[in-house]
Amino acid sequence: MKYECDMISDLLPLYKDGICSEASKKIIEEHLAECPTCGKMLTDMNDSTIDETIVKEKNEVINSQAKFFKKKSALAGSIVGGIFCVPILVCLIVNLATGAGLTWFFIVLAAILVAASLIVVPLMMPKNKLFTTMTSFTAAVILLLAVCCIYSGGNWFLVAATATLFGLTMLFAPFLAYNEPVKEHLSNHKGLAIMGAYTATFALMMTCIGLHTGPAKFFPMALSIAGPLVAMAWGMFASIRYLKANALVKIGGCFASYSVFGWLLDVLVKNGATKSASLTGVTVQSNSLAVLSVIGFGIAALLIILGIIIGLAKGGKKNA
Ligand SMILES: [Zn+2]
């Protein structure tokens with residue numbers, strides 16, 4: 001019997017998976033009917049609790065490792081944060097000792113916050129590291145600008161802050177849109193949200209620059225130049241992202257929006273903005289703009305027609 005049990009236990013995995021021969025199957029089943037030991041072996045094999053235990057143990061190991069690293073990085077974050085406090089304290093004492101009150105201390109404090117936002121924040125945050133680091137860095141830089149502006153008695157804060165915000169949005173928006181926690185909220189509209197963020201921060205910056213430099217001169221010129229350019233960018237984006245057609249038609253759409261808004265730019269610059277543009281030394285070659293716009297139309301039409309023909313030919317092949 002013992003000899004037979006060894007043989008049966010060798011064959012049991014094949015039997016369980018149903019890949020043994022009919023003859024072996026018959027022998028195994030006859031043996032199982034008589035032998036409770038081998039019967040138990042088979043039920044253990046079928047029992048998935050072993051697999052579950054292994055998975056559970058594996059997850060426990062991974063979790064404890066993750067916790068360990070989180071603890072370590074939080075500790076490193078606290079240490080770096082502590083180191084940052086030393087110059088802050090030194091400056092506080094020196095500033096209080098030498099001056100009548102706290103003046104440049106706040107500049108040092110804000111500057112250290114900028115550094116801390118890049119080093120301490122990613123170490124301390126348990127999740128959404130990228131999001132919190134980028135937003136806290138942006139906030140710290142704007143705070144630094146505000147403190148410097150107040151300290152120097154300037155009136156340039158809004159211009160500098162909105163320009164910084166626009167620049168950092170250009171840099172950060174794509175990363176933020178594709179990472180937690182923003183990713184889920186945007187689902188299928190990431191490109192749209194990024195373009196929206198660019199346009200909104202650009203408009204905010206231009207408004208602040210206009211209010212700072214003199215609205216009467218600035219806004220007509222800025223609108224006639226930036227307006228068509230922003231519209232062109234949206235036209236190209238819409239063509240690439242939302243046009244349900246092949247690549248040729250999409251590129252044709254890009255050329256078409258370039259032509260429409262290039263032509264618009266040409267018209268606006270000729271009718272009015274030229275005066276204010278020349279006042280600030282900006283000269284726009286409007287004749288060459290018109291020529292380029294016509295060439296753009298030609299290329300767009302060619303690409304779209306070619307794209308449609310190729311699309312129809314492919315569709316025809318599929319149907320045939
Ligand atoms: Zn047996």
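How are the donor residues of the zinc ion spaced in sequence? They follow C-x25-H-x3-C-x2-C. This is a predicted model, where local features need pLDDT of at least 70, side-chain atom pairs count only at pLDDT 80 or more, and totals for chains, interfaces and linings use all residues. Residues are numbered from 1 along each chain as its sequence is written, and side-chain values use heavy atoms, with hydrogens and water left out.

**View 1. The zinc ion and its protein donors.** Cys5 (SG), His31 (NE2), Cys35 (SG) and Cys38 (SG) sit 2.0 to 2.4 Å from the zinc ion; donors are N, O and S atoms within 2.8 Å of the metal (3.2 Å for Na, K and Ca), and water is not among the atoms, so sites may look incomplete. The site is tetrahedral, with angles of 98 to 119° among the four donor atoms (four donors count as tetrahedral if all angles lie between 85 and 135 degrees).

**View 2. Cys5 and His31, both buried.** Buried means under 20% relative accessible area, exposed over 50%, partly exposed in between (1.4 Å probe, protein chains only). Cys5 makes the cut because its relative accessible area is 15%.

**View 3. Cys91, a cysteine in no disulfide.** The nearest cysteine sulfur, that of Cys85, is 12 Å away, while a disulfide is a pair of cysteine sulfur atoms within 2.5 Å. By that rule the model has zero disulfides. Cys91 counts as buried because its relative accessibility is 14%.

Note on methods
Tetrahedral: all angles 85-135°; square planar, octahedral: opposite > 155°, others 65-115°.
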